[in-house]
Amino acid sequence: MKNYILTVSLFATLSLFAQEKSGAQQFWETLKTHCGKSFEGEITEGPANDDFRGKRLVMHVRSCEDNRIRIPFFVGDDKSRTWVLTLKNDRITLKHDHRHEDGSEDKVTQYGGTTSNSGLPKIQFFPADQETSDLIGYASTNVWWITVDETSFTYNLRRIGSDRVFSVKFDLTKSVENPSAPWGWKD
């Protein structure tokens, strides 16, 4: 009987470990809790002459599917940018979907990268992929990362081997009114 209890206890313990969620899955679940909400942000790092400075920055976690989350990022009246996150095989891919006002794709669009591992629950890194390297040669050394927790979401870019760093932080404790559809979307 003792062996039986020991075996059952061991099996239950192993089952708990097997059911533990990966960093990517936990990150994904946290991000999905903000679905349908919009948040205002501010640049926390970037060049003093960055075109985004002095403009209202808003992210809208607009579309949440099982394996895809789309987050339009508005810079003032510019509604051309959407961050597209895809979860597949315990890896997350970040792509940048850029559109013109008529909804057509910009010639520089769909660049980004995929995590090299499942990452951590509050941070995911996206090194530039081959598609990015082919499209934008100077972005071959880009690394993007996103952090998310109960109070903030940050989008970050670092171009390795240069001084290029950009970070924008959004306050998740105060939602703002949802903006109208980004370029290429319909309300």
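Is Glu29 buried, partly exposed or exposed? Select it and have a look: this is a predicted model, and in it Glu29 counts as partly exposed because its relative accessibility is 38%, which falls between the 20% and 50% cut-offs.

**Stop 1: Glu29 and its partner**

Keep Glu29 selected and add Lys21. The two form a salt bridge, with their closest N and O atoms 2.9 Å apart. Lys21 has a relative accessibility of 41%, so Lys21 counts as partly exposed.

**Stop 2: strand β1 and its neighbours**

Now select residues 38-45, which make up strand β1. On one pairing, β1 runs antiparallel to strand β2, residues 57-60, and 4 bridges join them. Click on Phe39 to find Met59 of β2 standing opposite.

Next, add residues 165-176, which are strand β11. Here β1 and β11 pair in the antiparallel sense, over 6 bridges. To see one of these bridges, pick Gly41 in β1 and look for its partner in β11, Phe170. While you have strands on screen, a general tip for reading them: in a regular strand the side chains alternate between the two faces of the sheet.

**Stop 3: the largest pocket**

Which residues lie nearest the centre of the largest pocket? Select His98, Tyr111, Tyr155, Leu157 and Arg164. They belong to a lining of 22 residues, and the pocket has a volume of about 490 Å³. To see which elements give two or more residues to this lining, colour β5 (78-88), β6 (91-98), β9 (142-148) and β10 (152-159). If you colour the lining by residue class instead, you get 12 nonpolar, 4 polar and 6 charged residues.

**Stop 4: a closer look at His98**

Stay with His98, which sits in strand β6. His98 counts as buried because its relative accessibility is 13%, under the 20% cut-off. What does His98 touch, leaving aside residues up to four places away in sequence? Show Ser80, Arg81, Ser104, Glu105, Asp106, Val108, Thr109 and Tyr111. Tyr111 is a name you have met already, as one of the residues nearest the pocket centre.

**Stop 5: more salt bridges**

From that contact list, go to Arg81. It forms a salt bridge with Asp78, and the closest N and O atoms are 3.2 Å apart. Arg81 is buried, because its relative accessible area is 17%. Asp78, with 24% relative accessibility, counts as partly exposed.

Then select Arg99 and Asp97, whose side chains meet in a salt bridge of 2.8 Å, N to O. Arg99 counts as partly exposed at 24% relative accessibility, whereas Asp97 counts as buried at 12%.

For a network, select Glu65, Arg68 and Arg70, which are linked by salt bridges. If you feel like hunting for others, the count for the model comes to 11 salt bridges.

**Stop 6: the second largest pocket**

How much space lies in the second largest pocket? About 150 Å³. To outline this pocket, select Arg56, Val58, Phe74, Gly76, Lys79, Val176, Glu177, Asn178 and Pro179. By class, that lining has 4 nonpolar, 2 polar and 3 charged residues. Two of the strands from Stop 2 turn up here as well: Val58 falls within the residue range of β2, and Val176 falls within that of β11.

Notes
Residues are numbered from 1 along each chain as its sequence is written. This is a predicted model: local features need pLDDT of at least 70, side-chain atom pairs count only at pLDDT 80 or more; totals for chains, interfaces and linings use all residues. Side-chain values use heavy atoms; hydrogens and water are left out. On a 1 Å grid over the protein atoms alone, a cavity is a set of points where a 1.4 Å probe fits but cannot get out, and a pocket is an open set with protein on both sides within 12 Å along at least five of seven lines; lining residues have an atom within 4 Å of a point. Grid points are joined across faces, edges and corners, and a volume is the space filled by probe spheres set on the points. Helices (H or I, at least four residues) and strands (E, at least two) are DSSP runs, numbered from the N terminus. Ala, Val, Leu, Ile, Met, Phe, Trp, Tyr, Cys and Pro count as nonpolar, Asp, Glu, Lys and Arg as charged, and the others, Gly among them, as polar. Two strands pair if DSSP finds at least two bridges between them. Buried means under 20% relative accessible area, exposed over 50%, partly exposed in between (1.4 Å probe, protein chains only). Contact means heavy atoms within 4.5 Å. A salt bridge is a side-chain nitrogen of Lys or Arg within 4 Å of a carboxyl oxygen of Asp or Glu.
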